[in-house]
Amino acid sequence: MFNLILFGPPGSGKGTQSEKLIEKYGLIHLSTGNLLREEIANETTLGLAAKSYMDQGQLVPDEVVIGMIRSMINAKPEAKGFLFDGFPRTVAQAEALDNLLAEKQNEINIVLALIVDEEELVSRLLNRGKTSGRSDDTNESVIRARIVEYETKTAPVADHYAKSNKVVKVKGVGSIDEIFGSLTQHIKL
Ligand code: AMP
């Protein structure tokens, strides 16, 4: 299996680039944000519990997202590999993911980290909010809260994978195709 984490702050282009990467490499896209929004749309108990965190720009508790990822991985034993988008977002999630993959004699092969500065992120997210239908993209204070969550809880995930030399930084500013080109240079599959 080839397992890739597309890493970066909210608004860094993970969703857009994930769509292109899964098409090129035949990986299964696992976006915890998308999975949580589906749970909310279906009005499940999990969705209802997650919504209040998401509306405030806070991370949903680790057990919730780890449980979702575990069942998605277990449901796809034939997968060529997974592209993780928006997960792991805490070191506890990263450790749980490493253990889940190790149980199947697999591991994370590479972490591609998109680099975009904060003011660019805020302006992209506010812009996306005009059309995305996502309430967490329309309010600047919620956007800033998401960036603070990223800096305090998620950035340490890159340090976790840097210990095993798995992190490659990629400039996340430019055209969609330019950034895609830079990402693919690092994928040996
Ligand atoms: P995203 O679509 O990745 O920007 O995620 C939207 C929101 O869903 C985040 O602001 C969090 O509230 C929640 N969320 C998504 N993925 C995770 C995760 N791995 N851990 C905790 N919360 C998450």
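A polar contact is a pair of N or O atoms within 3.5 Å. The model used in these exercises is predicted.

**Exercise 1. Polar contacts of the ligand**

Find what the ligand's oxygen and nitrogen atoms meet at R37, V60 and G86.

Solution.
- Start with R37. An N or O atom of the R37 side chain lies 2.9 Å from a ligand oxygen. The cut-off is 3.5 Å, so a pair of N or O atoms within that distance counts as a polar contact.
- Go on to V60. Here a polar backbone atom is 3.0 Å from a ligand nitrogen.
- Finish with G86. A polar backbone atom of G86 is also 3.0 Å from a nitrogen of the ligand.
- Now take the cover. On its own the ligand has 480 Å² of accessible area, and the protein covers 96% of that.

**Exercise 2. The shell**

Describe the residues that surround the ligand, by number, class and origin.

Solution.
- Count them. The ligand is surrounded by 16 residues, and the closest are T32, R37, Q58, R89 and Q93.
- Sort them by class. Six are nonpolar, five polar and five charged.
- Trace their origin. Helix α2 (residues 32-41) gives four residues, the largest share of the shell.
- Place the site. The ligand takes up the space of the largest pocket.

**Exercise 3. An aromatic pair**

Why does the pair F7 and Y150 count as tilted?

Solution.
- Count the pairs. There are three aromatic pairs.
- Check the geometry. The ring centres of F7 and Y150 are 5.9 Å apart and the planes stand at 45 degrees, so this pair is tilted.
- Locate the partners. F7 belongs to strand β1 (residues 4-7) and Y150 to helix α7 (residues 140-162). They are 143 residues apart, so the pair links distant parts of the chain.

Definitions and conventions: Residues numbered from 1 in each chain as written. Predicted model: local features only at pLDDT ≥ 70, side-chain atom pairs only at ≥ 80, totals over all residues. Heavy atoms only, no water. Near = heavy atom within 4 Å. Polar contact = N/O pair within 3.5 Å; in protein donor to acceptor, adjacent residues only side chain to side chain. Areas by Shrake-Rupley, 256 points an atom, 1.4 Å probe, with all protein chains shown as cover. 1 Å grid on protein atoms, 1.4 Å probe; cavity = no way out; pocket = protein on both sides within 12 Å on 5 of 7 lines; lining within 4 Å. Sits in = over half its atoms within 2 Å of the grid points. Helix = DSSP H or I, 4+ residues; strand = E, 2+ residues; numbered from the N terminus. Nonpolar A, V, L, I, M, F, W, Y, C, P; charged D, E, K, R; others polar. Phe/Tyr/Trp six-rings, centres within 6.5 Å; stacked < 30°, edge-to-face > 60°.
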